[in-house]
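Okay, thanks for making time this morning. Have the sequence and the model up on your screens, and let's walk through them together.

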Amino acid sequence: MFEVKLVTTDEDREHAFALRKEVFVKEQGVPLSLELDEYDETAVHFLVNEGENSIATARLREVEPKVGKVERVCVLNNYRGKRLGALIMEAVEQYAKNAAFEKLKLNAQSYAVPFYEKLEYAVTSPEFMDAGIPHRAMEKKI
């Protein structure tokens, strides 16, 4: 059974950071100095757990009034394909609606654009590089 939860403890925050280090730093080669940033202290973080194991994470931050930016969405390799990305995005969107956000933005790795399009996000930029990885900006009114 998968459970999505809001990160409220230092322990949960460390689990979220460990997931990001595993996926973005170790697997994709993003420098740690770019992965963990000044927004981590003020962003809202989410975790997906299976029992005691944290297996997916995401963060949300307000970038302008009523506009949120979804970032650092990742799922451990051996849990991909189980709809956990959609599950965590649903929780992020519900949180954003409850916080009176009207729009969500994100920078999707280009290979993940079809995933976000299924969730009704629209591409809003040409492809650009971020941390050496091709991305596209996307957004969705909520």
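Let me start with a quick one: does Gly29 count as buried or exposed? It counts as exposed, because its relative accessibility is 52% and the cut-off for exposed is over 50%. And before I go further, keep in mind that this is a predicted model.

So where is Gly29? Look in the loop between H1 and H2. It comes just after H1, and its phi is positive, about 80 degrees. If you jump 102 residues along the chain to Ala131, you'll find the two C-alpha atoms 8.5 Å apart.

Now back up into H1 itself, residues 10-27. With 18 residues at 1.5 Å each, the helix should span 26 Å, and the end C-alpha atoms are 24 Å apart, which agrees. There is a bend along the way, though: about 30 degrees, at Lys21.

Which residues of H1 are buried? Going down the helix, you have Asp12, Arg13, Ala16, Phe17, Leu19, Arg20, Val23 and Phe24. Remember the general rule here: an α-helix has 3.6 residues a turn, so residues three or four places apart point the same way. With that in mind, have a look at the spacing in the list. As for partners, the buried residues of H1 pack against the helix H2 (32-35) and five strands, S1 (2-6), S2 (44-50), S3 (53-64), S4 (67-75) and S5 (103-109).

Let's stop at two of those strands. In S2, find Asn49. It's buried, because its relative accessibility is 6%, with the cut-off for buried being under 20%. Setting aside the neighbours within four places in sequence, Asn49 is in contact with Met1, Phe2, Glu3, Lys5 and Ser54. Val4 isn't far off in space either: it sits 45 residues away along the chain, with 6.4 Å between the C-alpha atoms of Asn49 and Val4.

Over in S5, pick out Leu104. This one is at 0% relative accessibility, so it counts as buried. What does Leu104 touch, once you leave aside the neighbours within four places in sequence? The contacts are Leu60, Gly68, Val70, Glu93, Ala96, Tyr121, Met138, Glu139, Lys140 and Ile142. For Val70, which is 34 residues away along the chain, the C-alpha separation from Leu104 is 6.8 Å.

Two of those contacts, Glu93 and Ala96, bring us to H3, since both are among its buried residues. The others on that list are Leu84, Gly85, Ala86, Ile88, Met89 and Val92. H3 has 15 residues, which should span 21 Å at 1.5 Å a residue, and the end C-alpha atoms are 21 Å apart, so that agrees.

Next, the loops on either side of H3. Most residues other than glycine have a negative phi, and most peptide bonds are trans. Arg83, in the loop between S4 and H3, has a positive phi near 70 degrees and is not a glycine. Arg83 is also exposed, with a relative accessible area of 65%. On the other side, in the loop between H3 and S5, there's Ala100, again not a glycine, with a positive phi of about 70 degrees. Ala100 is partly exposed, at 43%.

Right, the largest pocket. Its volume is about 1,000 Å³. Of the 40 residues lining it, the closest to the centre are Phe24, Val73, Cys74, Gln109 and Tyr116. You've met Phe24 already, as one of the buried residues of H1. Who gives the most to the lining? That's S4, with seven residues. H1, H2, S3, S4, H3 (84-98), S5, H4 (113-118) and S8 (133-141) each supply at least two. Sorted by class, the lining comes out as 22 nonpolar, six polar and twelve charged residues.

One last stop: Glu127, in the loop between S6 (122-123) and S7 (128-130). Not counting residues up to four places away in sequence, Glu127 touches Ser110, Pro134, His135 and Arg136. Compare its position with Ile88, 39 residues apart along the chain: the C-alpha atoms are separated by 25 Å.

That's my tour, so over to you for questions.

Terms used. Residues numbered from 1 in each chain as written. Predicted model: local features only at pLDDT ≥ 70, side-chain atom pairs only at ≥ 80, totals over all residues. Heavy atoms only, no water. Helix = DSSP H or I, 4+ residues; strand = E, 2+ residues; numbered from the N terminus. Expected span 1.5 Å × (residues − 1). Bend = angle between axes of the 7 residues up to and from the residue. Buried < 20%, exposed > 50% of the residue type's maximum accessible area, 1.4 Å probe, protein only. Contact = heavy atoms within 4.5 Å. 1 Å grid on protein atoms, 1.4 Å probe; cavity = no way out; pocket = protein on both sides within 12 Å on 5 of 7 lines; lining within 4 Å. Points joined across faces, edges and corners; volume = space filled by probe spheres on them. Nonpolar A, V, L, I, M, F, W, Y, C, P; charged D, E, K, R; others polar.
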